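User: I should like to learn how to read the features of a structural model, one at a time. Could we work through an example together?

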Amino acid sequence: MTLLSRMHRAAGVFLVLFLLAGCASSPEDATEGPQVYDPIEPVNRVVFAMNDAVDTIVLQPTAFVYKNAVPDPIQDMVRNFLLWLRSPVVVANSLLQGDTENAGSATRQFFVNAVTAGLIDWGDGLGWGYRDEDFGQTLGSYGVAGGPYLVVPLIGPSNGRDIVGTVVDIFFDPLTYLVSGPGARNAITIARGTGEAVDFRARNYEGINDLKASSVDYYARLRSIYLQRRESEIRNGQPPKGVQSADGSEEFQNFEPSDRPQSVTGELPANAN
């Protein structure tokens with residue numbers, strides 16, 4: 001398949017998914033702020049239990065070894081490389097949202113860090129940080145509701161809008177067009193996803209374990225956190241004051257996982273469901 005054919009197909013998929021996302025209305029339309037809309041909760045809980053088992057048996061031990069055996073500078077390089085690979089997606093979505101400042105920062109960091117294949121963040125400490133952006137956030141910034149809450153096998157919490165966004169972001173990723181052959185693309189996707197999962201779990205190791213241990217209903221608490229976090233990301237960290245979000249708990253507004261440039265990991269929510 002030629003590059004032009006891939007771009008035509010990407011454009012077609014983009015249009016269809018955008019229209020589908022636009023139709024993904026939910027009870028969120030009726031009130032301001034995210035509301036819990038979990039119409040297939042029994043199914044989600046089954047998938048959640050499977051994901052939690054994978055985390056306990058595979059991801060948590062792997063993250064523990066990675067966190068304690070791999071030197072910090074190497075971990076930083078892995079993180080820098082993963083963020084660098086994602087930079088074009090951030091640029092595309094920032095432009096779609098009209099945020100040229102964030103797009104410019106991400107572009108600058110992409111080209112400067114390209115000198116060392118993204119392994120070294122040359123802007124570290126220079127205030128070159130940028131916000132992570134994805135197509136789910138882009139849709140949200142234009143008022144598209146999240147739709148039904150979903151738990152995706154091996155991926156975790158999501159919703160109808162963010163699943164659409166994840167698919168569209170694939171077409172914003174240059175690797176989709178630079179790597180030929182479905183086998184090579186699948187291998188890179190799996191390796192990249194595994195690296196991101198281990199890196200995220202290692203950097204939030206104690207936080208996630210504490211969250212599990214302190215939650216009466218871990219599923220409900222994580223759902224609340226996910227919905228509030230996404231709402232905060234769509235608003236670039238500026239959740240509306242005085243608006244009840246998710247379960248009305250607002251417990252995640254001061255907690256930001258350390259998975260993006262210059263992010264700050266706040267205190268874990270103190271109250272449990």
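Analyst: We may begin with the inventory of elements. The chain holds ten helices and two strands. This is a predicted model, and from the N terminus on its elements run α-α-α-α-α-β-β-α-α-α-α-α.

User: What percentage of the 273 residues is buried, and how is the term to be read?

Analyst: A residue is called buried when its relative accessible area is under 20%. In this chain, 41% of the 273 residues are buried. The exposed surface of the chain comes to about 14100 Å², and 64% of that area is supplied by carbon and sulfur atoms.

User: What do the contacts say about separation in sequence?

Analyst: Of the contacts between residues at least 6 apart in sequence, 70% join residues at least 24 apart. One pair illustrates separation along the chain. E196 and V78 are 118 residues apart along the chain, yet their C-alpha atoms are separated by 9.0 Å. E196 belongs to helix α8 and is partly exposed, with 34% relative accessibility.

User: Which residues of helix α9 are buried, and where do they lie around the axis?

Analyst: For a helix, one lists the buried positions and then examines their directions from the axis. In α9, residues 205–214, the buried positions are Y205, I208, N209, L211 and K212. These residues lie on the same side of α9 because they cover an arc of only 155° around the axis.

User: What covers those buried residues of α9?

Analyst: The cover includes α2 (41–69), α8 (182–203) and α10 (218–234). Helix α8 is also the element that contains E196.

User: Let us turn to the strands. Which residues of β1 are on the covered face and which on the uncovered one?

Analyst: A strand is read by its two faces. In β1, residues 149–152, Y149 and V151 form the covered face, while L150 and V152 form the uncovered one.

User: How many bridges join β1 to β2, and what stands opposite V151?

Analyst: Pairing is read from the bridges and the direction of the strands. Four bridges join β1 to β2 (residues 156–159), and the two strands run antiparallel. V151, on the covered face of β1, stands opposite P157 in β2.

User: What is to be noted in the hairpin between these strands?

Analyst: Here the backbone phi angle deserves attention. Three residues lie between the strands of the hairpin, and among the residues of the loop between β1 and β2 is L154. Its phi is near 70°, a positive value in a residue other than glycine. L154 counts as exposed, at 69% relative accessibility, the cut-off for that class being over 50%.

User: Where else does a residue that is not a glycine have a positive phi?

Analyst: A117, which is not a glycine, has a positive phi of about 55°. A117 lies in the loop between α4 and α5 and is partly exposed, with a relative accessible area of 36%.

User: Which residues make the nonpolar surface patch?

Analyst: A patch is read as a group of accessible nonpolar side chains. The patch here, of about 660 Å², is made by I74, M77, V78, F81, V115, L119, I120 and W122. One of its members, L119, lies in the loop between α4 (100–113) and α5 (135–141). L119 is partly exposed, at a relative accessible area of 36%. Another member, V78, is the residue whose C-alpha atom is separated by 9.0 Å from that of E196.

Technical notes:
Residues numbered from 1 in each chain as written. Predicted model: local features only at pLDDT ≥ 70, side-chain atom pairs only at ≥ 80, totals over all residues. Heavy atoms only, no water. Buried < 20%, exposed > 50% of the residue type's maximum accessible area, 1.4 Å probe, protein only. Arc of directions from axis to C-beta. Contact = heavy atoms within 4.5 Å. Pairing = 2+ DSSP bridges. Areas by Shrake-Rupley, 256 points an atom, 1.4 Å probe, with all protein chains shown as cover. Patch = residues over 30% accessible without salt bridge, like charges linked within 9 Å, V, L, I, M, F, W, Y side chains within 5 Å. Salt bridge = Lys/Arg side-chain N within 4 Å of Asp/Glu carboxyl O.
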